[in-house]
Amino acid sequence: MIHATGPLLSVDLGARETTEEDIDDVLGEFAGGRGVATKLAFDRVPFDVDPLGPENRVYLATGPLQHSQMSFTGRMNMTSVSPLTDGVASSNAGGFLSRNFTGTGYAAVELRGVSDVPLAVHVRDDGVEFEEVPDLAGAEVPAVTEWAEDTHDLEAEHLACIGPAGENLVRYACVLTSETRAFGRTGMGAVLGSKNVKVLTFDGDSEADVEIDPIGTEIHREAATSDHVMKRQGTTSVTEYANEVEALPTDYFSALSFDGVEGIGGDAVESKKYKKGTCSQCAFACKLPTRDEESGVETEGPEFETVMAWGSNQLVDDVVEVMKANELCDRLGVDTISAGDTMAAYLKSEDDLANPERAREALRKAAYREGEVGDLLAEGVHRAAPELGVEDWSVKGLEFAAHDGRTLNGQGLSFATSNRGADHMYASFYPKEYPLVDKEQAVDKRGLDGKAPMVAAAENHNAVLDSAVACKFSRDFMTEERLGSLLEADYDDLLEVGARVVELERAFNNRRGFDRADDALPYDIEGFDAALDEYYEARGWREDGVVPGLGEADTDVGAASADD
């Protein structure tokens, strides 16, 4: 199996020191990206760490495919212990950062400790520079980008930064690159904020000796010539269909379809698209630069999940209002899904849904933890719901994505089993239950018979993609055979790599107290308990959801306690 190359750069933020370590054994076992970062976290982060404390660590990593010129490879991974879910979690971002990261010559970067002042960390192939940036305190993401361009001649694709939400430890704060591409879910921005890291930059010309199978050229050609609807409408192309089959969360999850869907769906978004948008090296170009001439709002998106969280789930039927929310989320540095769901919960508690201006104002308060309301909403749905008097629509503390599991029952099971909570991309099971999307692999959306092993396999597959690193939307082009060829491994062996990644995540979280009780949903699916048993059996885990050995508290593995 080919893998990323280069050492681990470990950055001590407090001491302003760096060290380099050989991690060839980890790279050889996990390829790169999420797999390598998860293994490093398992071995080096205390199991009882406070996610917002100095003992937590952050890992950024690319994979071998970032050394190719192939479509679907403009992504990279970030891993830490999440302040939202309280478990180890990974997020990945598209855009152009990954190539600049590989140019530094490092396979992975580790951030540890905490700075006493707002800090910029510049990672280059000729060294690391620490720069104190107190003047950037409170700066929104575009202002950070402007600073980097003016003072360091670095464009947005060299940056990973946080907005005010990250500085104020909003639990669903994200990390932005290229101003609009986010390490979105699980609160990575709050972790950087807790370490007083405002911005990271990456630059260099290092090249790795990694050769990619010529099949990559064929994939790239097909991506360029495809007339796929996502090239026009991105992920919003599924909006009307999800609504039709009753899988579109609406009215803070109290309904499954939205009468105003035409105002926020794929056609509505496409009508505001003014140019093509893409990620590094990708000819598929499914991004959505949008503009509304009348209001002057310009953003990239909204994607389908944002349309749900700020549209149907808030009873908003105007795509321009969703665009405004999308743009505000990017400026403040928050995950659009978690932020939108949280504002929906708030407006539901106030009986004031369909009020987009109030929702955006509430988000501003949350980003700055302004007043009691802002401070509460900054905590996310799971922690705020009891005080708001609304139902807790989250799994493991992570707010729900769309593709509703009450209709797409396999996707519902995958929301429950996902180590990072109610995230649709952990297994990406929903295409199998949308025959419009994936006719060859379509299964009945209702029921769970036989789906548990399929969910486990889908999780393993996505863990491989996140380690390679490849975009999930390569699914129409990246066959199992092609993925094996690209990584020079048998596909079944790759699934074993993916299974080890998932198991390490689960074992880390087991050590933090996670078990079967956390694999739960706020709604019932017939046969759920039996399917969960089947899922654990497929993985070789105990009936209580604990990984034998690795996940057991009396087993001497992994990092030491934070108290040691």
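**Helix α17 and its surroundings**

Let me start with Gly410, which sits in helix α17. A word of caution: this is a predicted model.

Is Gly410 buried or exposed? It is buried, because its relative accessibility is 0% and the cut-off for buried is under 20%. What does Gly410 touch, once neighbours within four places in sequence are set aside? The list is Phe429, Glu433, Lys445, Gly447, Leu448, Lys451 and Val455. Now look back along the chain to Arg358. Gly410 and Arg358 are 52 residues apart in sequence. Their C-alpha atoms are 35 Å apart in space.

Next, the helix itself. Helix α17 covers residues 409–417, and it packs with helix α22, residues 528–539. The angle is about 60°. The axes are 11 Å apart. So α17 is oblique to α22. For the cut-off, roughly perpendicular begins at 65 degrees, and roughly parallel needs an angle under 35. As for handedness, α17 and α22 cross in a right-handed way.

Which residues make this contact? From α17, we have Leu413, Ala416 and Thr417. From α22, we have Phe528, Ala531, Leu532 and Tyr535. Sort the residues of the α17–α22 contact by type: six are nonpolar, one is polar and none is charged.

Now step back to the loop ahead of the helix. His403 is in the loop between β16, residues 398–399, and α17. His403 is buried, at 3% relative accessible area. Which side chain does the side chain of His403 meet in a polar contact? That of Glu305, at 3.3 Å. Glu305 also appears among the residues His403 touches, not counting those up to four places away in sequence. The others in that set are Val238, Ala247, Pro249, Phe304, Leu408, Gln411, Phe415, His424, Tyr430 and Tyr434. Please find Gln411 and Phe415 on the screen; both are on that contact list of His403.

One last stop, at another glycine. Gly498 lies in helix α21, residues 491–511. Gly498 is buried, because its relative accessibility is 0%. Where is Ala456 relative to Gly498? The two are 42 residues apart along the chain, and their C-alpha atoms are separated by 9.8 Å. Beyond residues up to four places away in sequence, Gly498 touches Asn460, Ala463 and Val464.

To recap, briefly. Gly410 is buried. Helix α17 is oblique to α22, and their crossing is right-handed. His403 is buried, with a polar contact to Glu305. Gly498 is buried in turn. That is my tour; questions, please.

Methods: Residues are numbered from 1 along each chain as its sequence is written. This is a predicted model: local features need pLDDT of at least 70, side-chain atom pairs count only at pLDDT 80 or more; totals for chains, interfaces and linings use all residues. Side-chain values use heavy atoms; hydrogens and water are left out. Axes are lines fitted to C-alpha atoms, for helices over the stretch in contact, and angles run from 0 to 180 degrees between N-to-C directions. Helices (H or I, at least four residues) and strands (E, at least two) are DSSP runs, numbered from the N terminus. Angles under 35 degrees count as roughly parallel, over 145 as roughly antiparallel, 65 to 115 as roughly perpendicular and the rest as oblique. A crossing is left-handed if the near helix is turned anticlockwise from the far one by less than a right angle, and right-handed if clockwise. Contact means heavy atoms within 4.5 Å. Ala, Val, Leu, Ile, Met, Phe, Trp, Tyr, Cys and Pro count as nonpolar, Asp, Glu, Lys and Arg as charged, and the others, Gly among them, as polar. Buried means under 20% relative accessible area, exposed over 50%, partly exposed in between (1.4 Å probe, protein chains only). A polar contact is a pair of N or O atoms within 3.5 Å; within protein, one must be able to donate a hydrogen and the other to accept it, and residues adjacent in sequence count only if both atoms are side-chain atoms.
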